[in-house]
Amino acid sequence: RAACGAGCNSVTIAPRRRQKRLPPEGRHTMINAAITGWGKCMPPAVLSNADLSTFLDTDDEWIVSRTGMRERRVSHVPAIEMATVAAARALACAGLDAADLDLIVYGSCSNDEQVPNSASGVQVRLGARHAAAMDVNTACTSFLYGLSSAAAMIKSGAVRNAVVIGVELISPYMDWDNRGVAVLFGDGCAAVVLQASDEPIGLLGEKLGCYADARQTLRVRGMGCTYANRGLTLGDTQWDFDGQEIFKRAVHGMGEAAAEVMRKCGVAPEDIDLVVPHQANLRIIESVVKRAGLPMNKVMLTVQRYGNMSAATVPVALVEALEEGRVAPGALLLMPAFGAGLTLCAHLLRWGDRVTPLGTTDIDLPPCTKSALELVQDIRAIKAGAAQRSGGALMAPKLAETLGTLAAVSHA
């Protein structure tokens with residue numbers, strides 16, 4: 001039973017499967033990193049487009065026509081709590097005890113704490129006392145960069161069992177009076193278990209990259225130490241969001257990354273069984289898939305239900321694809337993503353034989369006593385006057401791209 005504390009109950013898992021013994025050191029059999037467990041944790045409070053129209057100059061038709069989004073979730077608990085529940089469900093699905101974990105990777109750009117890290121919070125909540133714990137922040141690509149990190153450690157032999165989490169708690173940092181961003185984002189979480197395997201399954205390849213020359217196009221001012229000791233209130237934010245440039249870079253970046261990883265792995269578009277993309281915007285997804293030469297009926301969409309959950313979008317979509325029976329044994333999955341930085345990636349993954357959980361758990365979040373609109377209105381009340389209170393401090397820092405590029409350093 002996982003030691004999760006309040007709100008957590010029992011875990012029911014099938015008898016633990018004996019893992020295949022891998023070859024001794026020195027033999028050249030490839031170790032792969034396969035997904036063997038999956039689980040999601042979605043906050044129950046649903047914020048609809050109609051809710052947003054009660055305090056923003058917008059309506060359902062305006063939002064849907066531009067983004068494909070109809071609703072999103074707002075969390076009543078910290079991100080670490082969502083991550084703990086999702087991880088516990090993934091472990092039950094894999095038939096793995098928390099005590100057998102070697103690594104927890106926590107992908108997010110909205111951490112509950114910076115020091116100590118958030119992954120250690122999940123470790124202590126799960127009772128995974130033997131696990132290393134690390135955070136990864138590449139914004140919306142954090143889950144997939146975390147997947148690459150954990151898979152590389154498994155392939156190197158450093159660890160055998162890992163949980164990789166994609167979680168976001170954006171609502172406290174949202175500028176809820178800015179229609180350009182308030183309609184886009186939501187809270188949520190999902191996790192997967194990665195385990196060593198000598199079968200030709202799991203992460204086959206990835207392409208990682210970053211358009212740092214455009215990092216200023218997506219920034220949340222007020223998050224980070226550069227804003228410390230300037231007289232602003234923590235939680236007051238201003239979002240820099242150049243939608244047109246982000247759209248252009250996202251389509252190009254995800255499209256190029258998808259083409260590169262398929263080329264590297266010797267895969268043609270017709271070989272792909274399912275695309276599980278970052279759910280930034282329906283129009284972006286349609287453009288990326290068209291660029292990759294794939295039909296939309298091979299794409300898993302959740303953007304209409306959850307909006308853009310940043311690091312959580314890909315793992316949540318993957319879990320729901322499994323729940324809906326869209327992932328077949330041996331399926332080849334393409335997972336492209338794009339985020340602030342501007343980071344980009346695409347991952348190619350071969351699924352194993354199992355597409356159903358080995359076990360389940362009744363671990364869950366505590367009940368939510370307010371509607372999503374009430375939760376948001378509470379945040380808006382606290383943030384009232386933020387522009388006057390913190391506006392100057394939010395604009396004061398000199399940021400990396402304003403300082404120029406260092407001259408090349410020569411070494412004698």
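**Exercise 1. Is Leu344 buried or exposed?**

The model worked on here is predicted.

Step 1. Locate the residue. Leu344 sits in strand S14.

Step 2. Apply the cut-off. Buried means under 20% relative accessible area. Leu344 has a relative accessibility of 7%, so it counts as buried.

Step 3. List what surrounds it. Leave aside neighbours within four places in sequence. Leu344 then contacts Thr141, Tyr145, Lys207, Leu208, Gly209, Cys210, Tyr211, Gly253, Ala257, Ala337 and Phe338.

Step 4. Check one contact along the chain. Thr141 is 203 residues from Leu344, yet their C-alpha atoms are separated by 6.7 Å.

**Exercise 2. Work out the sheet that holds S14.**

Step 1. Set the order. Four strands make an open sheet, S9-S14-S13-S12, with mixed pairing.

Step 2. Find the edges. S9 (202–210) and S12 (274–275) each have a single partner strand, so one side of each lacks a neighbour in the sheet.

Step 3. Take the pair S13 and S14. S13 covers residues 332–339 and S14 covers residues 343–350; the two run antiparallel and share eight bridges. Ala337 has Cys345 of S14 as its bridge partner. Pro336 lies opposite Ala346, also in S14.

Step 4. Look at the turn. S13 and S14 form a hairpin with three residues between them. Gly341, in the turn, has a positive phi of about 140 degrees.

Step 5. Take the other neighbour of S13. S12 and S13 are parallel, over two bridges. Leu274 stands opposite Leu333 of S13.

Step 6. Judge the burial of S13. Eight of its eight residues are buried, so S13 is largely enclosed by the rest of the structure. One side carries Leu332, Leu334, Pro336 and Phe338, and the other carries Leu333, Met335, Ala337 and Gly339.

**Exercise 3. Which residues touch the most other members of the largest nonpolar core?**

Step 1. Name them. The core has 45 residues, and Leu147, Leu194 and Trp351 touch the most other members.

Step 2. Trace the elements. Those giving two or more residues to this core are S2 (32–41), S5 (103–107), H5 (142–156), S7 (161–168), S8 (188–197), H10 (313–323), S13 and S14.

Step 3. Zoom in on Leu194. Not counting residues up to four places away in sequence, Leu194 touches Ala33, Ala34, Ile35, Leu147, Ala150, Ala151, Ile154, Arg160, Asn161, Ala162 and Val164.

Step 4. Note a second core. Apart from the largest core lies another of 32 residues, including Ile104, Tyr106, Ala119 and Ala131.

Step 5. Inspect one contributor, H10. In this helix, 10 of 11 residues are buried. Among them are Val314, Val316, Leu318 and Glu320. Gly325 follows H10 and has a positive phi, near 75 degrees.

**Exercise 4. How many disulfides are there?**

Step 1. Recall the bond. A disulfide joins the sulfur atoms of two cysteines covalently.

Step 2. Count. The cut-off is a sulfur pair within 2.5 Å. The count is zero disulfides.

Step 3. Test Cys140. Its nearest cysteine sulfur, in Cys109, is 6.3 Å away. Cys140 is at 10% relative accessibility, so it counts as buried.

Step 4. Test Cys265. The closest cysteine sulfur, in Cys345, is 14 Å away, too far for a bond. Cys265 is partly exposed, with a relative accessible area of 26%.

**Exercise 5. Describe the empty space and the strand that lines it.**

Step 1. Size the largest pocket. Its volume is about 1,000 Å³.

Step 2. Read the lining. The pocket has 36 lining residues; Cys109, Asn137, Val220, Met223 and Gly224 lie nearest its centre. S10 gives the largest share, three residues.

Step 3. Examine S10. In this strand (residues 218–221), Leu218 and Val220 point one way, Arg219 and Arg221 point the other way, and all are buried.

Step 4. Add its partner. S10 pairs with S11 (residues 238–241), antiparallel, over four bridges. Val220 has Trp239 of S11 as its bridge partner.

Step 5. Add the packing helix. The buried residues of H12 pack against S10, S11 and H11 (372–383). In H12 (residues 386–395) they are Ala386, Ser390, Gly391, Ala393 and Leu394.

Step 6. Turn to closed space. There is one cavity of 30 Å³ or more. The largest cavity has a volume of about 40 Å³. Its lining includes Arg72, Ile170, Met174, Trp176 and Asp187.

Conventions. Residues numbered from 1 in each chain as written. Predicted model: local features only at pLDDT ≥ 70, side-chain atom pairs only at ≥ 80, totals over all residues. Heavy atoms only, no water. Buried < 20%, exposed > 50% of the residue type's maximum accessible area, 1.4 Å probe, protein only. Pairing = 2+ DSSP bridges. Core = buried A, V, L, I, M, F, W, Y, C linked by side-chain atoms within 4.5 Å. Contact = heavy atoms within 4.5 Å. 1 Å grid on protein atoms, 1.4 Å probe; cavity = no way out; pocket = protein on both sides within 12 Å on 5 of 7 lines; lining within 4 Å. Points joined across faces, edges and corners; volume = space filled by probe spheres on them.
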